[in-house]
Amino acid sequence: MPGMAGRIDLTNQFLIAMPGMGDDTFARSVVYLCEHNERGALGLVINKPIDIKLKNLFEKVELALDREELAEQPVFFGGPVQTERGFVLHEKQATDGAAAYSSTMSVPGGLDMTTSRDVLEALASGAGPKKVLVTLGYSGWQAGQLEDEIGRNGWLTVDADPAVIFDTPIEKRYQRALSLLGI
């Protein structure tokens, strides 16, 4: 395909905002890229909690969250697009090859991102993925927009490490992601 030879695929990578990023929305952000192709990119900010706990979010959608280890977890600002919509980033579910949930994007070599209510129902019942990060909204870029921002030194990129998302304290995620680059 013409023009595709030099295309980069940043799926399953972290975008790390450069320290001088002028856009307050993304200053000191770490974004997990769920998809990056010729049409654009979609990711979730993993280090910007908002003032809502998972138990409160579940109450709003009329579900009881009976998993104590999740109840006090914060909900995150996933990005400025569709901030009224929930996105659940989670470890892959062991299945017989069928999709575990009705609306899941499986990130090649990475995690799963689900937008359907059934993942919340599974979590509420005590089932579902053990490690989750829930966001409201997502970060999106049109075709060529992210590449342009990277070219203007807006972002650093590095292979994603699920431990940064699920096992690193929120306030240390930016520094931990940078350390993956050897910085």
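In this predicted model, the side chains of R176 and D161 meet in a salt bridge, with 3.8 Å from N to O. The two residues come from distant parts of the chain: R176 belongs to helix α6, while D161 sits in the loop between β10 (155–159) and α5, and 15 residues separate them. R176 is partly exposed, because its relative accessibility is 35%. D161 is also partly exposed, at 22% relative accessibility. Side chains of opposite charge can pair when their charged atoms come close.

The structure holds 8 salt bridges. Another of them joins E69 and R67, whose closest N and O atoms are 2.8 Å apart. E69 has a relative accessible area of 52% and is therefore exposed. R67, by contrast, has a relative accessible area of 6%, so this residue is buried. A salt bridge also forms between R39 and E38, where the closest N and O atoms lie 3.7 Å apart. Here R39 is exposed, because its relative accessible area is 59%, and E38 counts as partly exposed at 43% relative accessibility.

From the charged pairs we turn to the nonpolar interior. The largest nonpolar core has 24 residues, and the members that touch the most others are F14, Y32, C34, I46, L89 and I165. Several elements supply at least two residues each to this core: the strands β1 (13–17), β2 (30–37), β3 (40–45), β6 (81–90) and β9 (132–142), together with the helices α5 (162–166) and α6 (173–179). Helix α6 has already appeared as the element that carries R176. In soluble globular proteins, nonpolar side chains tend to be buried together.

What does I165 touch, leaving aside residues up to four places away in sequence? Its contacts are F14, Y32, I46, L89, L111, L133 and R173. Apart from this core lies another, of 18 residues, which includes L54, L63, L70 and V132.

The strands β1, β2 and β3 can be followed in order. β1 and β2 run antiparallel and are joined by 3 bridges; within this pairing, I16 stands opposite V30 of β2. β2 and β3 also run antiparallel, with 6 bridges between them. These two strands form a hairpin, and 2 residues lie between them. One bridge partnership in it sets E35 against L42 of β3. β2 is mostly covered, with 7 of its 8 residues buried. In a regular strand the side chains alternate between the two faces of the sheet.

S29 has its place in the loop between β1 and β2. Is S29 buried or exposed? It counts as buried, because its relative accessibility is 0%, and the cut-off for buried is under 20%. Not counting residues up to four places away in sequence, S29 touches L15, I16, A17, V45, N47, K48, W155 and Y174. Among these contacts is I16, the residue opposite V30.

The aromatic side chains give a further set of links. The structure holds 5 aromatic pairs. In one of them, the ring centres of F14 and Y32 are 6.3 Å apart and the planes stand at 70°, so the pair is edge-to-face. Because F14 lies in strand β1 and Y32 in strand β2, this pair ties together parts that are 18 residues apart in sequence. F14 is buried, with 0% relative accessibility, and Y32 is buried at 1%. F14 and Y32 are also among the residues that touch the most other members of the largest nonpolar core, and both are contacts of I165.

A second aromatic link brings in W141 and W155. W141 is buried, at 6% relative accessibility, and W155 is buried too, with a relative accessible area of 3%. The residues before them, F14 and Y32, count as buried at 0% and 1%. W141 and W155 form an edge-to-face pair, with 6.1 Å from centre to centre and 85° between the planes. This pair also links distant parts of the chain, since W141 is in strand β9 and W155 in strand β10, 14 residues apart. Together with F26, these two tryptophans form one aromatic cluster. W155 is also one of the residues that S29 touches.

Terms used:
Residues are numbered from 1 along each chain as its sequence is written. This is a predicted model: local features need pLDDT of at least 70, side-chain atom pairs count only at pLDDT 80 or more; totals for chains, interfaces and linings use all residues. Side-chain values use heavy atoms; hydrogens and water are left out. A nonpolar core is a set of buried Ala, Val, Leu, Ile, Met, Phe, Trp, Tyr and Cys residues joined through side-chain atoms within 4.5 Å. Buried means under 20% relative accessible area, exposed over 50%, partly exposed in between (1.4 Å probe, protein chains only). Helices (H or I, at least four residues) and strands (E, at least two) are DSSP runs, numbered from the N terminus. Contact means heavy atoms within 4.5 Å. Two strands pair if DSSP finds at least two bridges between them. A salt bridge is a side-chain nitrogen of Lys or Arg within 4 Å of a carboxyl oxygen of Asp or Glu. Rings of Phe, Tyr and Trp (its six-membered ring) pair if their centres lie within 6.5 Å; planes under 30 degrees apart count as stacked, over 60 as edge-to-face and the rest as tilted.
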